[in-house]
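This report describes selected features of one molecular structure for a reader who is new to the subject. The sequence and the structure are shown first, and the description follows.

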Amino acid sequence: MTLSLVVLLPFLGAIAAPLFAQAGRTAIAIASSVPALIALAMLFPHWATLAEGGVLLETHSWLPAVGLSLSFRLDGLSLLFALLILIIGLLIILYARYYLKPYENVGKFYALLLCFKGAMLGIVLSSNLLLMLVFWELTSVVSFLLISFWNHKQDARRGARMALAVTGGGGLALLAGILIIGRIVGSYELDDVLAAADLIKSHALYPFALTLVLLGAFTKSAQFPFHFWLPHAMQAPTPVSAYLHSATMVKAGIFLMARLYPVLAGTDQWFYMVSFTGMVTLLIGAYVALFKHDLKGLLAHSTVSHLGLITLLFGMNTQLAAVAALFHVINHATFKASLFMAAGIIDHETGTRDMRQINGLWRFMPHTATLAMVAASSMAGVPLLNGFLSKEMFFAESLSLNLPGIWAYLPPLVATLAGIFAVAYSARFIHDVFFNGKPVDLPIYPPHEPPRYMKIPVEILVFACVMVGMFPAVSIGPLLHAAAFATLDGQVPEYHLAILHGFNLPLLMSFLAFFGGLLMYSQRQRFFDFHARFREIDEKAVFEKVAMWLEDRAAAFTNRIENGSLQRYAMLLIASAVVVALAPIGDMGLFIGSHGLSPIDWPSLTAAVLLIISALGTAAYHRDRFFALVLLSVVGLVVALTFARFSAPDLAMTQLSVEVVTIVLLMLALYYMPSWTPIETSWPRRLRDLTIALVAGAGMTLITLAMLTQPFESISSFFIANSKPGGGGTNVVNVILVDFRGFDTLGEITVLAIAALGIYAMLKNTALTPPPGDGLGHPWTRDAHPMMLKQIARPMLPLALMISLYIFLRGHNMPGGGFIAGLITAVALVLQYIASGVGWTEDRIPFRYHNVIGLGLLFAVIAGAGSLAFGYPFLTSAFGYITWPVVGKFEIASAMVFDLGVYFTVVGATLLALVSLGKLSPHSAIKSSKGGM
Amino acid sequence: MNHLLIAPILIPLLGGIIQVFIGYAPISLRRTLALATTVLLLASTFALLVLANDGSYRVYAFGNWAPPFGIVLVLDRLAALMLVMTAILAFFSHLYAIHRTDESSRQFHALFLFQLMGLNIAFLTGDLFNLFVAFEVLLIASYGLLMQGPGTKRTVPSLHYVVLNLTGSALFLISVGMIYSVTGTLNMADLAAKVPQVSAENLPLLQAGGLMLLVVFGLKAAILPLCFWLPRAYGNATAPVAALFAVMTKVGFYAIVRVFTLIFGSGAGALANLGLDWLFAFALATLTMGVIGALGARNLRTLIAWQVIISVGTLLAAVGLGTEEGTSAALFYMLNTTWIVGGLFLVVDLIAAQRGSAVDRIVTAPRMHNRTLLSVLFLIGAVAAIGLPPLSGFFAKLLILQSTTPGAEMAWLWSVLIGGSFFTLIAYSRAGSIVFWRTVDGHVSSTDRLSLPVTVAAGGLVSMAIVIVLLAGPISAYVDATAAQLFNTSEYLNVLNLPVIAEGL
Amino acid sequence: MLARIGLPQPFLSLVLFIVWQLLSDGISGGSIVMGLILAWVLPQVTRGFWPERPAIVKGWLVPLYILRVLLDIVVASLSVARLVLSTRKPRPAFISYPISLEHPLAITMLASTISLTPGTVSTDVSDDQRILLIHALDVDDEQDIIDTIRRRYEKPLQEIFQ
Amino acid sequence: MELAYALIIGTLTASGVYLILRARTFPVVVGLTLLSYGVNLFLFATGRLVTGGQPIIGSTGEYADPLPQALVLTAIVIGFAMTAFAVVLALRNQADNEDDHVDGHRPAPEPRAEEEEGASR
Amino acid sequence: MNPVVEYLIAGLLLTGGAFTLIGAIGLARMPDFYTRLHAPTKATTVGVGAIIIASVAYASSQGAGIDTAEVLITVFLFMTAPVSANIMAKSAMHLDVKRMPETRGKPWDQ
Amino acid sequence: MITTALHITIAMVTLAAVLNVFRLIKGPDAPDRVLALDTLYVNAIALIILLGITLGTRLYMESALLIAVMGFVGTVAMAKYLKRGSVIE
C-alpha cells in the first residue's frame, strides 16, 4: 500500500488544497505540505532495505489486456528521485507561500503543484512502463497549466503551449518506444524488462525502440534540438520554474535514461546518440546562458547545459560515468533550486529580472546575496561545494573515453570549454547582480530583504550544497550508492567520494575552467559584441509561426477539399460506388447467364422505349422544370405499368399513387422556385458528370442483365406456402408486409410519420414570397378555385372514401391494403384542398393530422403488442373466421388492425406534408380555429 | 424468447407516439415524459447488457416466424454495447436539450425519440433489409433534428446531408438487391451461411454488392472521400443534436463491423475479408484528413466535428486490421470517443453561449462567467480526445497501438495515429488557450449562466472519460469478449437453429 | 325527413350503395349490409364537404338524361374521329353561351355534357355563373350550337334540378 | 426482355445520377426520384421477371417471388417520405438563401481566424 | 364461348382500340391546343370505355359472374374528363397559347 | 379470335401511347404537355385492362381504377399550377 499511497497522496492533496484557499496562504501551504510529509514518513522506514540494494514492490492489477498494472517499485534510484521531488517540493511550497500575491488564485496553484508532484512521483515510482508513461504525459499536461498560470500573459500562454507540444509530443514517441519494448519483452513490468535487457539489445527493433525512448527523454530533459521549450517555461511563477528545472520535469528524462540504463545502454547506438546530444546541449546551453540578460533566462540555459552534462555522462556508457551522472542530478537539483528561488526573491523585491538593471544588490540584501553566491559558486564548480565534486568526476570521465584518434580529445575539450562558460555565467550572476555599481531604474526601490521564511528554503538548499561539498561520503554517499546500485543493476563500480582526489588532470581542467571563466567574464564585453552580431532567435515566435503556418496550410487544404459543394460530395459518393463495383463488374463483362434472354413482345418494347425516352428527356430537359416534371410523371406511370406487366399489382398501385403525390409535392415547391434552371456548370464539368452517369448506368445495366439471366433460389416459397395457412391472407405481398415482415412496415410508417413531422417543423416558421407570375411573365390568374372543379370534388370525396375502404378491406387477399387505401383517402382530401382551398377544407376536418399520425402508429403498435399478452412475440398475428347471419362468413385478423395503423399514418403523414406546404401560400389565410393543425 | 429485446425499440417508439399526441401540451409535461422515456430506455439497455454478457445469442422473432423467413432481432455483446453506449449518450444529450433546445419546435422530443428507436433497431436487427429500414428511420429523424433550432445557417449543410444520404439509401438498396439476387435471403445469419456457397459466376454480383455496401456504410461512418458533409452539418447543428450525432457515424462503423465480420468475414469463402485492405488504407487517410481539418479549424464546433472524423478513421483503421484484438480495441475506443465527442459538443455550446458575438470562434473574447468549470470540462474532453493519459482516450489508443503485429500495417498505423495525436494536441492546446485565456476586459452582457441540467449533462458526458478509466478492466474484458464473439461467426449461424418460435401461454 | 334518419343526401346514398354493389364480387348478403352501412355513414362523414347540396327533384329523369348523353357521346366521338382522320382543316370558334341554370352542380353537369358531346368543349364559366365559354371544333353557325345545347341538355337539367 | 429491362434500369440510373450532380436543388430532387425508380425496378427484378404470376394465392399456377415485391413496396414508401423531406428542405433552402443553389449562395471564403499572439507583433 | 359474345367482345375491343388511337392521332395532328383538346376528351374516353366494357363482357363470359367493378372506371372517366378539359383549357387561356388563325371568337382573359 | 382482336387493340393503344408521348415532348406549350399526359393516363388504364384480359385475371382492376383517380388529381394539379402557381392554397 505504501507506494501507491505515496503517489496518491499528492493527488488527494490537490483535491483538498483548494478548500483551504479561503483560509489564507499559510493555511493552504500547510495543508499542501501534509502529503509530502506523510510520504516522507512512509518512505523512511524502508531506508535500511533500500540502502542494501533491496527493492520494494507493489502490484495491483488494472488493465491486464494492455499489460498495464498499477505496479510500483521503490529502489535506490527511485528513492533518490522521490526524495528530491518531495523535499524540494516541500521547500517550494513554503517559498510559494511568500512568493504568491494574496489576490492570486492560490488554490489553483497549490492544486496544480500537488498534481504535478504526484505525477512526478508516479514516474519515478512506477514499475510498469505504461504506468510510467501515464504519469509522464500527466506531467506534460499539468506543466502546461502551471507554466500558463499567469495565462493573461501572452508569453506564458505561448511558452506553455510550446512546452506541451514538445514534451507531450515526446511522450507520444516514448509511448511508441515503450510499446516496442513491451512487444519484444512481452511485458511492461520493469522487472521483466530489466531481465530481458540482452534480448532487447539484440532485437531487430532495438534501434527504433531506442530512438523513440530517447526522443521522449530528450524532449522532456530539454536536450538539443528540443531544448528551446525550457527557457520559455520561465514564464511560470518562480516556484514553478524552480521546481520544474531543478528536481522535477526536466529530471524525468534523466530518470528515464537512468531507469532504462541497463536495458538500453551499452551499445554504440546509445553511445553516439546520447553522448553527442549531451555534448551539444552542454555547449549550447552554456554558451547562451552567458548572454542572457534575464536572470531566469540565464539560469534556464544553465539548466539546459547541466542537463546536457548529465546526458553526456549517461551516454559515455561507463558505470562510473553513470554514477557521476546520478551525483550531478542531486547536486544540480540543490544548487539550481536555490538559485531559482534566489532569483525569484530578487525579482520579487526589485520588480525586474533584467541584469542590466539589477546591480549592486549586496548593499540591499546581503543575506540573500550570500546564499545566492554560494549556490552560484557551486554551479560554477568551485571547490568545497557539491558542484565541484560531480564536475570533477565528469572531467575525469571525459578523459577516459576511448574514442579513436583525434576524437579522443573532443570530450575533455568540450568539458573544459563548457566549464569555462559555466564559470563565466556564474560569475556574471554574482557580479552583475550583487556588485557592479548601482541599480538602474528598479521598479521597486529600494529593494530589501524578503520575509524571513522565504529565505529558509534557500538556506536549507545552500546548506545542503555545502554539506555535500565538504562531506560527500557521509552526507550523500549511501543514497548515491543505493541509486547507483539500482541504476546499474547491482554492478556498482569502485568510486570514492572525497573533496580532493589529489592533483591530477581533472583538477587541472577545473583550474583551467575556473580561471578561463573569470577571464572570459572580465572580457565579457567582447563576447557580448560578438554575440550581438547574430540575430537572436525567439524560439517561441518561430514555434508559433510554424504552428500558424501549419494551421493555415491545414485550413487552406481543408477549405479546398471540403469546399461546401454538394456537387463534389455527390460526385465522390457516386464515383466511389462506381469504382468499387467496377472491378467485379468489369470481370463479368456482358454476362448472360444460363437462363438466357427471353423474347420480348412489341408493346413491352415500346413501353421500354418510351420509358427510356422520358427518362433521358427528364435529364436532357431538366432546365425547363415543369417539362421535366411532366416527363417524370410519364416515367412514373410507365414504371407502374412495368410493375403490372411483371406480376406485381400491389406495386403498380403503390407506385402510381406515390408518383402522383410526389408530383403534386414537387409542384407545390416549384411554385416558390425559379421555373428555369440556369446553366452554371462549365461543359467539361458536365461532360465529367455525364461520363459518371453513363458509367453508372452501364454498370447497372450489366448487373441487371447478369442477374436476370441467372437461375435463382430464394426463401420465397415459404411465404407462398404459409401465406394462407399462417397469415390468413391470399395476397402474399400484403401478408409479408403486415405479418412476415411486419416489423419492416412498422419502421416504414414510422419513417413516413417522422418525415411529415419533420416537414411540418421545418416549414413552421418559413416565410416565402411566391413569384407574382410564372417564369414566362404571366401573372397568376385570380380564379383560385374553378367552379367545375369544386363541384366535381364534392361527390368525389365519399366515392373515394368508399373505394379506399374497398381496397383496404380486400388488401389482405387481393391487391390493395392499408397503404394504398390511405393514399387514396389522402388524395381525395388533397383534391378538396386543391378545389376549395386550405381554409375551407380545414374548417371541415375535425382533427389534427398529428393526431392521425399518432393514432396510426399507436394502432400498429397495439396490433403488434396484442400478441404479447398471449406469450407470443411482438407482431404475431392472429386471424379467424366469423360467420354472421345475412352477412356470411368473413375474416377477422389482427393484421387488419396493423394495416389500419398503416392507413391512418399514411393519411395523416401525406396530408400533413402537403398541407404544410400549401399553407406557405399567402392566399391560404386560415380562418379556421379548430382545423388542421 | 425474451421480450426485453424489443424494449429498446418499443420504449422510444411509444414515447415518441405520446409526444406526437401531446405536441401542444405544456412543455414541462412533454419534457418530463420524454426524459422519462430516455431513462427507461437506459434502464432497459443495461438489463440487456447484463443479459448479453453471458456470451450467448438471444433471438427475437417478430411475428413468431422463424428466421430466415421473419425478421429477427439478435442480441449479442456487440449489440448490447452499442445500445448502452447510445442510451447513455442519449440521456445526457436529452438532459441538455431540456434546457432550451426543445423549445424551438414542438416536434423535438418526438424526433429525438424516433431517432433513438432507429438507432436501436439498427443495432439489434439481424436482417439486412431491416437494417436498411432502421437506417432510414434514424436518418429521417436525424434530418428533422438537424434542422432544429433558430436561424438559417444549418439549411445548406442539412441539404447536403440529406441528398447524400438519399443517394446512399439508393446504393444500399442496390447492394441489398444484388446480394438477395444471388443468395435469395436477407437474414444475416442465413447470408453468412450462403455466401461461401455462391457459385463462381454469381460471385461478381455478390462482390460488387458487398463493396457497394461498404461504400454505403462508409458514407454513414464518414470515411475519407465521403466525409465532407460532416463538419458543416455537425458544426451547425444545435448542441444536443450534434452530441447525439456522435453516435451516427458509429452506426456506420457498427454496420461495417457486423456485416463485414459476419457475412464477408474470414469465413466467406472466395470473398473472405472483402474490402478489408481498402478499409484500412482509407481509414488512415480519413484519420489524416481529420487531423488536418482539426488543425485548420477556426471554431470549436468545427474542431470537434473534425474530431468525429478522426475517431472514425481511428476506429476503422483498427477494424481494418481484421483481427480480434483490433476490433476489441476499436470498440473500447468507440465508447471513449462517442461520449467524449458528444460531451465536447455540449461543452462548446456552453462556452459559445458565454462569449458574446465571438461564440465559438477561436478568437479573443470577453471573459466567460463560468470559466473555471468550463475550462476544466474542456480540458478533460480535450485530453481524452487527443488520447493523453490519464483519461480514457489514452487507453483506447494504447489498445489500438498494441493490437497490431509488426509489419507495414503497424508502421503505418503507428505513425499516423501517433502523429495525429501530436497535431491534435497542438490544435486543442491552441484552441483552448485562446478561447479560455486570451480575453479582453469586460463581461458579455448576456447573463447566460449555467443551469444545473446543462452542467450535469455536459459534465456527465465528459466525465465518462474518467468513468471509463475507472472501469477500464471490466470494459476491456467486455470488449475482448465481444470481439471474440464477433469473430466466432459459426456461433452466430446457430441463430438459425435456435428454437425461437413461441408456443404461447 | 330523410335527413333526420341520417340520410342528408339520399341520392348520394343511393349512388354509394350502387357503387358498392358494383365493387363487390357479386351481390351477397354481406355486400348489401355493408353497402347499406356505407350509404348511411359516408354521406354523414362527408357532409361538411358538400355544403351547397343540390335539390334534386325529379331524380328519375337522371337515368334518361345519362342515356341521352351516352348516345351523344358515341356520336360525338364518331364526328371527332372523322375530323381527326380527314385532311380538312377544322373551323374552330369560341362561343359564349348564356346559362339559365342556377345551381352550380347543374351548371357543372351542363358543362360536362357539353365537353363530352359533339365538337364542343366548355372551357370556362364566368365568375357570375351566367355565361359559359365553349370552344367548338368545327362550326358553321354558333347560334345553331347554342340552340342544340339549350334544347338537348339545359332543358332536361332544368327539370331535374328545378 | 431482360435486355430491355436492364437498359431501362441503366437509363434511369444514368439520368438520375446526372441530375443529382446538378447545382440546383430542383433537378437534384428530380434526379433522386429517377434514381429511386431505377433502384426500385432493380430491387423488384431480383425476383426475376415473371409474367402473369401475381403472388395472390389461387390466381395462377406459378407465382412470382413476393419478397422483392414487398421490399420494393417498403422502399417506395420510404423513398416517398425521403423525397418529400428533400423537397421541403430544398424549399427551405430557397427561403433562407433566396436561391435554390444546392450550396446556398456561393460560399464566401471563411474569415481567417485572428492570428493568435502573432497579431501583436 | 358463344360466338356472338365473342364477336361482340372482339368488336368492342377493336372499337375501343380504334377510338383510343384516334384520340391520340387527334392529339398529335390537330393544329392548336384547343382543337387538340377535343380529341382525347371524347375519343379516348370513349375508347377506354369500350375496352372496359369488353373486359367486363369477357370476364363474365368466362363464367365468373358479372364483374361490374370496371364499370366504375368508366363512370369515373366520364365524370372527370370534362373537368380536366375545363381546367386545362383555363390554364391554356391563361397562358394565352397560340390559336389557329381561323378561330372565331376569343378566349377569356384569365 | 378474341386473341387476335386483343393483339390488334393492344397494338393500337400502344401506338396511341407513342403518339401521346410524341405530343408531350413536342409541346409546344405546357398545357399541351399536360393534355398529353392526361391522355397517357387514360391510355394506361386501357393497357392495364387489356393486360388483365390477356392474363385472364381481374387483379389489375384496382390498378386501373387507381390510375383513373390519381391521373385526374395529377392533371388537375398540373393545370392548376400552370394558371395559379399554388396548387394548394
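A patch is made of residues with over 30% relative accessible area and no salt bridge, and nonpolar side chains are joined into a patch within 5 Å. The model discussed here is predicted.

**A surface patch on chain A**

In chain A, a nonpolar surface patch of about 530 Å² is made by Leu384(A), Met470(A), Phe471(A), Val474(A), Ile499(A) and Leu500(A). One of these residues, Leu384(A), is located in the loop between α18 (366-380) and α19 (386-399) of chain A. Its relative accessibility is 42%. Since buried means under 20% and exposed means over 50%, Leu384(A) counts as partly exposed.

**Chains B and C**

The table sets out values for two of the chains.

| Chain | Helices and strands | Radius of gyration | Globule rule | Span along principal axes | Buried residues |
|---|---|---|---|---|---|
| Chain B | 21 helices, four strands | 22 Å | 23 Å for 505 residues | roughly 75 × 60 × 40 Å | 74% of 505 residues |
| Chain C | five helices, three strands | 19 Å | near 15 Å for 162 residues | about 55 × 35 × 25 Å | 51% of 162 residues |

Chain B contains 21 helices and four strands. Its radius of gyration, 22 Å, is close to the 23 Å given by the globule rule for 505 residues, so chain B is as compact as a globular protein of that length.

For chain C, a compact globule of 162 residues would have a radius of gyration near 15 Å, whereas the chain has 19 Å. Along the sequence, its elements follow the pattern α-α-α-β-α-β-β-α. Chain C is divided into domain 1 (10-49) and domain 2 (61-161). How far apart do the C-alpha centres of these two domains of chain C lie? The separation between the C-alpha centres of domain 1 and domain 2 of chain C is 31 Å.

**A helix in chain F**

Helix α3 of chain F covers residues 61-84, which makes 24 residues. The expected span of a helix is 1.5 Å times one less than its number of residues. On this basis α3(F) should span 34 Å, and its end C-alpha atoms are 34 Å apart, which agrees. Is α3(F) largely enclosed by the rest of the structure, or largely open? Of its 24 residues, 24 are buried, so α3(F) is largely enclosed by the rest of the structure. The helix is followed by Gly85(F), whose phi is positive, near 85 degrees.

Note on methods:
Residues numbered from 1 in each chain as written. Chains lettered and ligands numbered in written order. Predicted model: local features only at pLDDT ≥ 70, side-chain atom pairs only at ≥ 80, totals over all residues. Heavy atoms only, no water. Patch = residues over 30% accessible without salt bridge, like charges linked within 9 Å, V, L, I, M, F, W, Y side chains within 5 Å. Areas by Shrake-Rupley, 256 points an atom, 1.4 Å probe, with all protein chains shown as cover. Salt bridge = Lys/Arg side-chain N within 4 Å of Asp/Glu carboxyl O. Helix = DSSP H or I, 4+ residues; strand = E, 2+ residues; numbered from the N terminus. Buried < 20%, exposed > 50% of the residue type's maximum accessible area, 1.4 Å probe, protein only. Domains from an automatic or database assignment. Rg over C-alpha atoms; globule rule 2.2 N^0.38 Å.
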